[in-house]
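Hello,

Here is the structure I promised to pass on. Please have a look at it first, and then read on for what turned up.

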Number of protein chains: 2
Amino acid sequence: MMVLVTYDVETKSADGQKRLRHVAKLCENYGQRVQNSVFECLVDPSQWTDLRYKLLKIIDEEKDSLRFYFLGANWKRRVEHVGAKPGYDPEGTLII
Amino acid sequence: MMVLVTYDVETKSADGQKRLRHVAKLCENYGQRVQNSVFECLVDPSQWTDLRYKLLKIIDEEKDSLRFYFLGANWKRRVEHVGAKPGYDPEGTLII
């Protein structure tokens, strides 16, 4: 299933930038970064439990906001891209 | 239906900041801003056609990236929030 992870953090601080880098690096193990703070993660339920647990360990819950959107298995029909930086399909096909 | 609009723009330029403000203002007419560049827009098909048209007029397609995620009618079960800044349900109930 596809889980969209969106992340909001005050990246003016070095700590915030570091947390964003960690979130990005972690999510890229499961899918890919499609915008600065938007990650599309292709996971099975057990991977999702793992990823969610790790994300919550990285963020500062007092300062950062994480939102998860569960797009399911038929996620491709739920996504449209416009403009620069086309997204890449973690399953292999370019989605523009 | 719920359409998630995520927007990536170089906001270091005054023009980019202006475009982000315009995108936010427009989306807030249809739903609400849940993160800096993430907007949850509750629309019917005709409103979506209108919103999409207006968004494409605001952005610079050479520089900005827009992604639309169609979460459908049962969108509430597809969303989870963690951390700061809880999102507000455009239909009235607080989603934490």
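Between chain A and chain B there are four salt bridges. This is a predicted model, so please read every value below as computed from it. In one salt bridge across the two chains, Glu80(B) partners Arg52(A), with the closest N and O atoms 2.3 Å apart. Polar contacts also cross the interface of chain A and chain B, where 26 residue pairs were found, both residues at pLDDT 80 or more.

Which parts of chain A supply the side that touches chain B? At least two residues each come from β1 (2-8), β2 (31-35), β3 (38-42), α2 (45-58), β4 (65-72) and β5 (79-83) of chain A. The largest share, eight residues, belongs to β4(A). Sorted by class, this side of chain A holds 14 nonpolar, eight polar and twelve charged residues.

The strand β4(A) also pairs across the interface: five bridges join β4(A) to strand β5 (residues 79-83) of chain B, and the two run antiparallel. If you want a spot to look at on screen, Leu66(A) stands opposite Val82(B) in β5(B).

Now for the size of the interface. The size of an interface is often given as the accessible area lost when the parts come together. Here, about 3000 Å² is buried between chain A and chain B, and carbon and sulfur atoms give 46% of that area. Three residues, Arg67(A), Arg78(A) and Glu80(A), supply 25% of the area that chain A buries against chain B, more than any other three residues. In terms of residues, the contact takes 34 from chain A and 34 from chain B.

How are the two chains arranged? A turn of 180 degrees, with a shift of 0.0 Å along the axis, lays chain A on chain B with an RMSD of 0.0 Å. The two copies are therefore related as by a two-fold rotation axis. Within chain A, the C-alpha nearest the axis is that of Leu71(A), at 3.6 Å from it. Both copies use the same surface, as 100% of the contact residues of chain A recur in chain B.

Finally, a word on the salt bridges of the whole structure: the search finds ten over all chains. One to look up within chain A is the salt bridge of Asp64(A) with Arg19(A), where the closest N and O atoms are 2.6 Å apart. This pair links distant parts of the chain, 45 residues apart: Asp64(A) sits in the loop between α2 and β4 of chain A, and Arg19(A) in helix α1 (residues 14-28) of chain A.

Best wishes

Terms used: Residues numbered from 1 in each chain as written. Chains lettered and ligands numbered in written order. Predicted model: local features only at pLDDT ≥ 70, side-chain atom pairs only at ≥ 80, totals over all residues. Heavy atoms only, no water. Least-squares fit on C-alpha atoms with pLDDT ≥ 70 in both. Contact = heavy atoms within 4.5 Å. Buried area = accessible area lost by both parts, 1.4 Å probe. Salt bridge = Lys/Arg side-chain N within 4 Å of Asp/Glu carboxyl O. Polar contact = N/O pair within 3.5 Å; in protein donor to acceptor, adjacent residues only side chain to side chain. Helix = DSSP H or I, 4+ residues; strand = E, 2+ residues; numbered from the N terminus. Nonpolar A, V, L, I, M, F, W, Y, C, P; charged D, E, K, R; others polar. Pairing = 2+ DSSP bridges.
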